[in-house]
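This report describes selected features of one structure for a reader who has not seen it before. Please look at the sequence and the model first.

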Amino acid sequence: MKPDSTAQPLSSTQPSPHAGPPQPSKPPAGPPLPGRYKRYATWMIFIVVLVACSIHTDATPYQLIVGLPEMGKLLGEMFPPDWSYLPTIWKPMLETIQIAIVGTTLGAILAIPVALLCAYNVMPRKLISLPMRTILNLVRTIPDLLFASIFVAVFGIGPFAGMLALLFFSFGIIAKLTFEAIEAIDPGPLEAMTAVGASRIQVIAFGVVPQALPYFVSYLLYTFEVNVRAASVLGLVGAGGIGLLLDRSLGLFRYDRASIIILLTLVIVLAIDYGSNLLRRKLL
């Protein structure tokens, strides 16, 4: 009898009848040992640095436990607040908000051209952008309290020195964040406008500004919130605002009056934060 010519040969993929049970697949290998050791070494270095810094600055749990009773005494002297002192602090608090508004606005206006000059995609000439970045880094190096102390020594005690301190502080923050946002915008529209012969001013006005404007508004509102808090402290060095009364209350050990100043500042900051969030949603 001839074999059936239509029978198909055994495929190489079919298991052999004499083959054993299928072997389980091996689990995926973990990270290579050198990478794992590098990760462990990084964590060990971080922990060692953290512990060393804590020891040298006396930032230990023992110091916290020892200071808790004194903190309790201070809180006990702050409550209840002296509510009769509230009418006295309304005018300085309003002055604090005005200092923050003027300083933030003028600082933001000065930050716009500097941010454009610092961005490499707008100003590719490093002979201009690098010196502007150096000046910006120098301004951001000086804290607002040091600015306030300098301007108080120059212009005398009063809100004008505080306004100038917040002006430079706002200028440094907004210009830094804005030029980084400008460098991260989509380059497609800029290249298309340059290809059709648009001038540098037109590229900035119609290609850069529409993309960077939402970020600029967000940074402006954030800086204003920070400046309200900062303006409350600048009075400690004579730069006007509610800080003058806060320094006087602490110097006279009237912690009940200091607590009402802190509570009013907290309410003002929360209201500004809520209002800026609403404004940010509508504008952005």
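The text below covers a pair of helices, one serine and some annotated spans.

The model is predicted: local features need pLDDT of at least 70, side-chain atom pairs count only at pLDDT 80 or more, and totals for chains, interfaces and linings use all residues. Residues are numbered from 1 along each chain as its sequence is written, and side-chain values use heavy atoms, without hydrogens and water.

Helices here are DSSP runs (H or I, at least four residues), numbered from the N terminus. Helix H3 (residues 86-118) packs against helix H4 (residues 126-141) at an angle of about 130°, and their axes are 8 Å apart. H3 and H4 are therefore oblique to each other (not under 35 degrees, over 145, or from 65 to 115). In the contact (heavy atoms within 4.5 Å), Val 114, Leu 117 and Cys 118 of H3 meet Ile 128, Ser 129, Met 132, Arg 133 and Leu 136 of H4. These residues divide into six nonpolar, one polar and one charged.

Ser 249 is part of helix H9 (residues 243-251). Ser 249 counts as buried because its relative accessibility is 3% (buried means under 20%). Leaving aside neighbours within four places in sequence, Ser 249 contacts Tyr 85, Arg 254, Arg 257, Ala 258 and Ile 261.

An unreviewed UniProt entry lists "transmembrane region" for several spans, including residues 40-57 and 97-123. Such annotations may be inferred rather than shown by experiment.

| Span | Distance between end C-alpha atoms | Helix | Strand |
|---|---|---|---|
| Residues 40-57 | 26 Å | 94% | 0% |
| Residues 97-123 | 36 Å | 81% | 0% |

Notes:
Axes fitted to C-alpha atoms, helices over the stretch in contact; angles between N-to-C directions. Helix = DSSP H or I, 4+ residues; strand = E, 2+ residues; numbered from the N terminus. Nonpolar A, V, L, I, M, F, W, Y, C, P; charged D, E, K, R; others polar. Buried < 20%, exposed > 50% of the residue type's maximum accessible area, 1.4 Å probe, protein only.
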